[in-house]
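Please write a short report on how the ligand is held in this structure. Keep it brisk, and include one small table.

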Amino acid sequence: MKLHRMFVSLMLMACACVSAKAQPPASIDAAASAKLADEVREEVRHAWSGYKQYAWGHDDLAPLSKRAHDWYAQSLLMTPVDALDTLILAGLKDEANEARELIVTRLSFDQDIYVKHFEITIRLLGGLLSGYQLTHDERLLKLADDLGTRLLPAFDSPTGLPWVEVNLRSGKTRGSESNPAESGTLLLEYGTLARLTGKSIYYDKAKRALVETYNRRGKTGLVGASFDVVSGKWLDTDSHIGGGIDSYYEYLWKCWKLFGDKDCLAMWQTSIAAVNRHLADPRGNELWYRHADMHSGKAGQTEYGSLHAFFPGLLAYSGDLPRARKLEEASLRMWQQNGIEPESFDYAQFKVLDPSYALRPEIIESAFYLNRLDGAPRWRTIGAQMFTDFRRHCRNDVGYTALKSVITKERKDSMESFVFAETFKYFYLLFAPKNALDLDAVVFNTEAHPLRRVATK
Ligand code: DMJ
């Protein structure tokens, strides 16, 4: 009995230690914040060394089975390309050099594979361009130009809306059912490539795809969830700010910020007014964004999720701090329900719809923008809470694992490259001193690759 009681109190002490260790600091002063930035850097190093040990030269590390994972028959080095600028910004010089060496010696786009145009543009083209701008290594620009040339046939559809997939060697295309995110999240990367190479075709094709998407908006000003790139007709008229539409809005604002393109500003102004009119859903003190039909504006599902949580950041970046603060607080409530956020959530019923967590960055990205633009200590405090939760539930011995369920915390054998490009980067920049990155000098693409303004050649 005595022994049992001793065992119980030892267990309680052990638990107290674990939870005391897991608590984030109550208030984050400059020293505490710098310490958190150091801790994030160590987590980047930890996950990078897992990738190095078990998946070197491949797209991703599968962190539970400790195996390499590739998207296609050939690796396109997704993790090294997505990670390069984060390694540089976090001051991991040796790791950045080995990533760059791997990329310039091994990456070849001369492959007979159909790739996803949108994903390859935001991850690889974006990563190569920001890597080039940070290192001035011409080999990275050469790779970006080669990739851009191979991707261009994607725009050869009757409407100018890009095909979903393109073969990197033959230029053949396929996949006609696309969406606004896939057609409208290309201009930052192609536009930067145009400026750096003097080849204006890159800008023109990507801009046309964005404008063609915008021109198909309903009379509400909203766009739907999917269309056919051949006929240009909508296949699904459900409108929202989540996956499949999200970064279309992001790029309307950001192509104005990066290129000063006044058409983009005008398209953004019409669109954000429509989103705030038809999708914003204030509930008491809270603010959420719902679904609605793009033609009638009729209210639809009260669904929100981890992808939607980029929107507070975009609101802040475009100057709407009041809505940004409220929506980030609402997103945090979604996170706090299970100590980490689900992929999809019904905010009217406060109920999880899809319990998975893919290690997504968006809510942290929003905390980063709010910290920079609003400046209240709150955003670093909630960032510290999220970093504590993220480490507690997703870290393993070789990296970070996605979760099958935020409720049971059952893990999934996946560590997407955007963990390096975005999740770690936004955590790091949230806590690091502001001079770690001058937000006035760059615009982040949707994969968090910082692109600098370039004068037209
Ligand atoms: C990233 O690849 C990009 O942020 C994209 O715009 C949406 N989803 C993932 C991360 O969640």
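Arg360 reaches the ligand with its side chain: an N or O atom there is 2.8 Å from an oxygen atom of the ligand. This is a predicted model. Glu422 and Thr446 also place side-chain N or O atoms by ligand oxygen, at 3.0 Å and 2.8 Å. The table lists these distances.

| Side chain (N or O atom) | Distance to an oxygen atom of the ligand |
|---|---|
| Arg360 | 2.8 Å |
| Glu422 | 3.0 Å |
| Thr446 | 2.8 Å |

How much of the ligand does the protein cover? On its own, the ligand has 290 Å² of accessible area, and the protein covers 92% of that.

**The shell around the ligand**

Which residues surround the ligand? They are Ile122, Arg123, Leu307, Arg360, Pro361, Glu362, Phe418, Glu422, Thr446 and Glu447. Sorted by class, this shell has five charged residues, four nonpolar and one polar. Two helices, α5 and α16, each give the shell at least two residues.

**The pocket**

Where does the ligand sit? It sits in the largest pocket. That pocket has a volume of about 550 Å³. Its lining is made of 32 residues. Nearest the pocket centre are Phe118, Glu119, Leu307, Arg360 and Glu362. Of these, Leu307, Arg360 and Glu362 are also listed in the shell around the ligand.

The lining has 14 charged residues, 11 nonpolar and seven polar. Several elements each supply at least two of the lining residues. They are the helices α5 (117–135), α7 (180–184), α10 (246–259), α14 (362–373) and α16 (418–431), together with the strand β16 (402–403). Which element gives the most? That is α5, with four residues in the lining. Helix α5 thus appears in both settings: it lines the pocket and supplies the ligand shell.

Key
Residues numbered from 1 in each chain as written. Predicted model: local features only at pLDDT ≥ 70, side-chain atom pairs only at ≥ 80, totals over all residues. Heavy atoms only, no water. 1 Å grid on protein atoms, 1.4 Å probe; cavity = no way out; pocket = protein on both sides within 12 Å on 5 of 7 lines; lining within 4 Å. Points joined across faces, edges and corners; volume = space filled by probe spheres on them. Nonpolar A, V, L, I, M, F, W, Y, C, P; charged D, E, K, R; others polar. Near = heavy atom within 4 Å. Polar contact = N/O pair within 3.5 Å; in protein donor to acceptor, adjacent residues only side chain to side chain. Areas by Shrake-Rupley, 256 points an atom, 1.4 Å probe, with all protein chains shown as cover. Sits in = over half its atoms within 2 Å of the grid points.
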